[in-house]
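Trainee: I should like a close look at a single part of this model. Please take the open sheet and the helices beside it, with the salt bridges that accompany them.

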Amino acid sequence: MNRRNFLKKSTLSVAAFTILPRNVLGGINHLAPSDQINLGIIGCGAQGRWTLAPEFARRANLVAAADCDSIRLQAMQEIVEGETTKAKGKAYKGFKQYAEYRDLLARKDIDGVIIATPDHWHAVQTIEACRAGKDVYVEKPMSHSIEEGRAMANAVQKYNRVLQVGNMQRSWRDFRHACELIRNGYIGDIKEIKVSVGPPPVPYDLQGQPVPKHVNWEKWIGPGPMNPYNEELLPPIESRVFPNWRNYKEYGGGMITDWGAHMFDIAQWAMDMDGSGPVEYIPADGKDYKVLTMRYANNVIMTHERFREDEGNAVRFIGTNGIIDISRGFLDTIPAKLQNHEIGENEIRLYRSNDHYTDFLNSMKTRKQPLSTVEVGHRTASLCLIVNLCYELNRKLEWNPEKEEFINDNEANKLRSNIIRAPYSLEV
């Protein structure tokens, strides 16, 4: 056999081997080494420990975590080791703790990161993760300013990364079904949307307290404005509560972004506005506008108001031929038969995911876009952030979704960005 024929036959043999099905290689549950995904998690707070770490530990290799609080880091390790052991049927050791998230990002064996830090950290850590060659699952709301969101989108594009935003309601059947009913015209033309979520944030006004020895407060603040420690922002781990940093504008966006990132997101999806958003935001004036009101370019009106006593976080779609109310607790339709109506194969059918976490992991493998992309997250977050600005400035805001700027309003345009404290930046 000459060299050319040898190389040709060797190449064909290797190619044939690499496409063998998993069950031939080692049984139906065998996972080839190339399918193993190693993840790290940045942020060991309530959402990271209680939800994200257990979910991802069951689906991938969660190998490391970073946090400014050593107690939370230790708690995270115990959770991950326990969940991984249960999922894989054998004891798991080797989980690493990092006080500095950049040390985690420097690991070449980590394929992707889960970012579960407070909102003011999302952009900086996402950009740095993309630069380090990691795919990203980032909690909602994706960003803390409009400028941050666009920088995150630019980083994802520049470094060819996969990013999934934690708007997991898009992976729930009832929310998808409601949006498909609306997209296919089952309640006629949409005239009005009511979104019920809580209030906007307030400026930070808490009294300073001694910083616990196990907390690096400088690292918690990071790119945000320096303020004194208070346990409302980082409560003792034994209290088992969600922290209230989200209620202060320096670090979060109140319930407008916290729950709005879910409920306004469903409104955007149903209206096929994932690449756009409302063009007018009008505060309540006690006369013509009883509540904060938004208008899309197609003249659909959306309001921020509570419309049902049995559910604080929900969306109502009012059409010419019916009404749909949707929340995590109910899907109510008029006509009632729409609740269980099957969408036809030839009708508009939206991206179908029944598991937001697996959808991200699948996209990491295939390099196809996941359900809740960086652009989806950016547009939903932008809508929520503009609602907050409308409350703050208490005047009508006209928004150009294509240029992502306010029309004839220099003050509002300056507020599209936050000050990023050195040495951090949004440089892509």
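Mentor: The account below begins with the sheet and proceeds to the helices and the charged pairs.

The model is a predicted one, in which local features need pLDDT of at least 70 and side-chain atom pairs count only at pLDDT 80 or more, while totals for chains, interfaces and linings use all residues. Residues are numbered from 1 along each chain as its sequence is written, and side-chain values use heavy atoms, with hydrogens and water left out.

Helices (H or I, at least four residues) and strands (E, at least two) are DSSP runs, numbered from the N terminus. Two strands are said to pair if DSSP finds at least two bridges between them. On that basis, six strands form an open sheet in the order 3-2-1-4-5-6, with parallel pairing. Strand 3 (96-98) and strand 6 (163-165) stand at the edges with a single partner strand each, so one side of each has no neighbour in the sheet. Direction ignored, neighbouring strands of this sheet are turned by 20 degrees against each other on average. At one edge, strand 2 (residues 61-66) pairs with strand 3 in the parallel sense over three bridges, and Ala64 stands opposite Lys96 in strand 3.

Axes are lines fitted to C-alpha atoms, for helices over the stretch in contact, and angles run from 0 to 180 degrees between N-to-C directions. Contact means heavy atoms within 4.5 Å. Helix 3 (residues 46-57) lies across strand 1 (38-42), strand 2, strand 4 (112-115) and strand 5 (135-138), and runs at about 175 degrees to strand 1. The axes of helix 3 and helix 4 come within 9 Å and cross at roughly 35 degrees. This crossing of helix 3 and helix 4 is right-handed, that is, the near helix is turned clockwise from the far one by less than a right angle. In the contact between them, Gly48, Arg49, Ala53, Pro54 and Ala57 of helix 3 meet residues of helix 4 that include Ala75, Ile79, Glu83 and Ala87.

Glu83 also takes part in a salt bridge with Lys86, the closest N and O atoms being 3.5 Å apart; the term denotes a side-chain nitrogen of Lys or Arg within 4 Å of a carboxyl oxygen of Asp or Glu. The two residues are three apart in helix 4 (residues 70-88), which separates Glu83 and Lys86 by about one helical turn. Buried means under 20% relative accessible area, exposed over 50%, and partly exposed in between (1.4 Å probe, protein chains only). Glu83 is buried at 15%, whereas Lys86 is exposed at 63%. Both belong to a network of salt bridges that links Glu55, Arg58, Arg59, Glu83, Lys86 and Asp355.

Beyond strand 6, a salt bridge joins the side chains of Asp265 and Arg170 (2.8 Å, N to O). Asp265 lies in helix 11 (residues 260-270) and Arg170 in the loop between strand 6 and helix 8 (173-183), so the pair ties together parts that are 95 residues apart in sequence. Asp265 is buried at 0% relative accessibility, and Arg170 is buried at 1%. By the stated rule, the count comes to 36 salt bridges.
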